[in-house]
Amino acid sequence: MSRFSLIFALVFLVLCFACNSAIAQVKVDPKSPIKKYIDKYMVTATKKGVPQSKPNRAAAQKLVEHAWHIFKTKLDYDLAYTDFFQAIKADPTSAPAYFGVAYLSSNKNQLADAIIFYREALKYEKKFGPIYTNLATALNLQNSNNPEIGVLMEQSIKNCPKFTDAYLIYGDFLAAKGDWVKAGQIVNQAVKLGVKIPPDFVTEFKQHGVKIDE
C-alpha cells in the first residue's frame with residue numbers, strides 16, 4: 001500500500017478518439033471473472049460476416065458516466081462492468097471504457113485483467129497520464145521488479161505534468177526501491193505544484209539524507 005494511499009487514481013476520461021469499427025480482440029484467462037462480459041459484448045460482435053455498426057461515441061460516453069455513477073453510489077461491480085463493456089461495444093475506441101474495466105479489475109485485485117485493459121486503453125489514448133500511472137501501479141503490485149514500471153511513470157509525468165498523484169506514487173515506488181535521492185527529486189516536484197507532504201514521510205526522507213521542501 002502506498003504511503004499516500006494513492007494506489008489507483010479514479011479518473012473520469014471524457015475524450016474524443018479516432019473511429020475504428022472493429023472491436024479489439026482481447027484475450028483473458030478462460031477462468032477470468034470478466035470472461036463472460038467479453039464473450040457477450042466483444043467476441044460475438046467480431047464474428048466473420050457480422051456487419052459492424054458505426055461507432056457511437058455519445059452512447060459510449062453516457063454508458064461510461066453511468067458506470068462510474070453506479071460504481072461510486074452502489075459499488076455494484078456487475079452493473080458497472082456491464083455498462084463499460086456496452087460502451088466498448090458502442091465505441092470500440094473508447095479508452096475511458098477500457099480504463100473503467102481495468103479500474104474495476106484492479107480494485108478487485110484482479111491484476112492480470114487490469115493490466116490487459118489498461119494496455120487496451122493506451123491503444124486509443126496515448127497522452128493521458130493517469131492511464132500510465134494506473135498501469136504502472138498494477139504492474140508494481142504484480143511484480144515490483146518489472147523495468148516497465150519506471151518507464152510508465154516517467155511517461156505519465158511527461159504527458160500530464162500537473163497530475164500530482166503520479167509524482168507521489170512514483171516517489172513512493174523509488175523510495176521502496178531504496179533510490180531515496182531520485183525519490184526526493186520527484187516528490188519535490190510535486191511540492192512545487194502545491195502538494196502537501198505528510199510530516200512522517202518528510203521525516204523518513206530526512207532519515208535517508210534527503211530534504212523534502214516544505
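A residue counts as buried when its relative accessible area is under 20%. By that cut-off, Pro-130 is buried, because its relative accessibility is 3%. The model analysed here is predicted. Pro-130 lies in helix H6, which spans residues 129-142. A second residue, Ala-166, sits 36 residues away from Pro-130 in sequence. In space, the two are 7.4 Å apart, C-alpha to C-alpha. Ala-166 also takes part in the contact of H7 with H8, described below.

The chain has ten helices and zero strands. From the N terminus on, the elements therefore read α-α-α-α-α-α-α-α-α-α. The chain holds 214 residues, of which 51% count as buried. Contacts with a separation of 6 or more were also examined. Of these, 61% join residues 24 or more positions apart.

Confidence varies along the chain. The mean pLDDT is 88. A value of 70 or more is reached by 84% of the residues. Residues 4-22 stand apart from that mean: pLDDT stays under 50 over this stretch. For residues 4-22 the model has 61 contacts beyond four places in sequence.

Helix H2 covers residues 57-74, and helix H3 covers residues 77-90. Their axes come within 8 Å and cross at roughly 170 degrees. H2 is therefore roughly antiparallel to H3, since angles over 145 degrees are classed that way. On the H2 side, the contact is made by Ala-59, Ala-60, Leu-63, Val-64, His-66, Ala-67, Trp-68, Ile-70 and Phe-71. H3 contributes Tyr-77, Leu-79, Ala-80, Asp-83, Phe-84, Gln-86, Ala-87 and Ala-90. By class, the contact of H2 with H3 has 14 nonpolar residues, two polar and one charged.

Leu-75 is placed in the loop between H2 and H3. Phi of Leu-75 is near 50 degrees, a positive value in a residue other than glycine. Leu-75 has a relative accessible area of 52%. Leu-75 is therefore exposed, as the cut-off for that class is over 50%.

H2 also packs against helix H4, residues 95-107. Here the angle is about 20 degrees, and the axes are 10 Å apart. Angles under 35 degrees count as roughly parallel, so H2 and H4 are roughly parallel to each other. The crossing of H2 and H4 is left-handed. From H2, the contact uses Val-64, Trp-68 and Phe-71. From H4, it uses Pro-96, Ala-97, Phe-99, Gly-100, Tyr-103, Leu-104 and Asn-107. The residues of the contact of H2 with H4 divide into eight nonpolar, two polar and no charged. Val-64, Trp-68 and Phe-71 are also listed in the contact of H2 with H3. These three residues of H2 thus appear in the contacts with H3 and with H4.

The loop between H4 and helix H5 (111-124) holds Asn-109. Asn-109 has a positive phi of about 60 degrees although it is not a glycine. The relative accessible area of Asn-109 is 55%, so this residue is exposed. Leu-75 and Asn-109 are thus both loop residues with positive phi.

Further along the chain, helix H7 (residues 148-159) packs with helix H8 (residues 164-176). The angle between them is about 155 degrees, and their axes are 10 Å apart. H7 is therefore roughly antiparallel to H8. The crossing of H7 and H8 is left-handed. In H7, the residues in contact are Ile-149, Gly-150, Met-153, Glu-154, Ser-156 and Ile-157. They meet Ala-166, Tyr-167, Ile-169, Tyr-170 and Phe-173 in H8. By class, the contact of H7 with H8 has eight nonpolar, two polar and one charged residues.

Ile-169 is found in helix H8, and is among the H8 residues that meet H7. With a relative accessible area of 10%, Ile-169 is buried. Ile-169 and Ala-183 are 14 residues apart in sequence. Their C-alpha atoms are 9.8 Å apart in space.

Note on methods:
Residues are numbered from 1 along each chain as its sequence is written. This is a predicted model: local features need pLDDT of at least 70, side-chain atom pairs count only at pLDDT 80 or more; totals for chains, interfaces and linings use all residues. Side-chain values use heavy atoms; hydrogens and water are left out. Axes are lines fitted to C-alpha atoms, for helices over the stretch in contact, and angles run from 0 to 180 degrees between N-to-C directions. Helices (H or I, at least four residues) and strands (E, at least two) are DSSP runs, numbered from the N terminus. Angles under 35 degrees count as roughly parallel, over 145 as roughly antiparallel, 65 to 115 as roughly perpendicular and the rest as oblique. A crossing is left-handed if the near helix is turned anticlockwise from the far one by less than a right angle, and right-handed if clockwise. Contact means heavy atoms within 4.5 Å. Ala, Val, Leu, Ile, Met, Phe, Trp, Tyr, Cys and Pro count as nonpolar, Asp, Glu, Lys and Arg as charged, and the others, Gly among them, as polar. pLDDT is the predictor's confidence in each residue, from 0 to 100. Buried means under 20% relative accessible area, exposed over 50%, partly exposed in between (1.4 Å probe, protein chains only).
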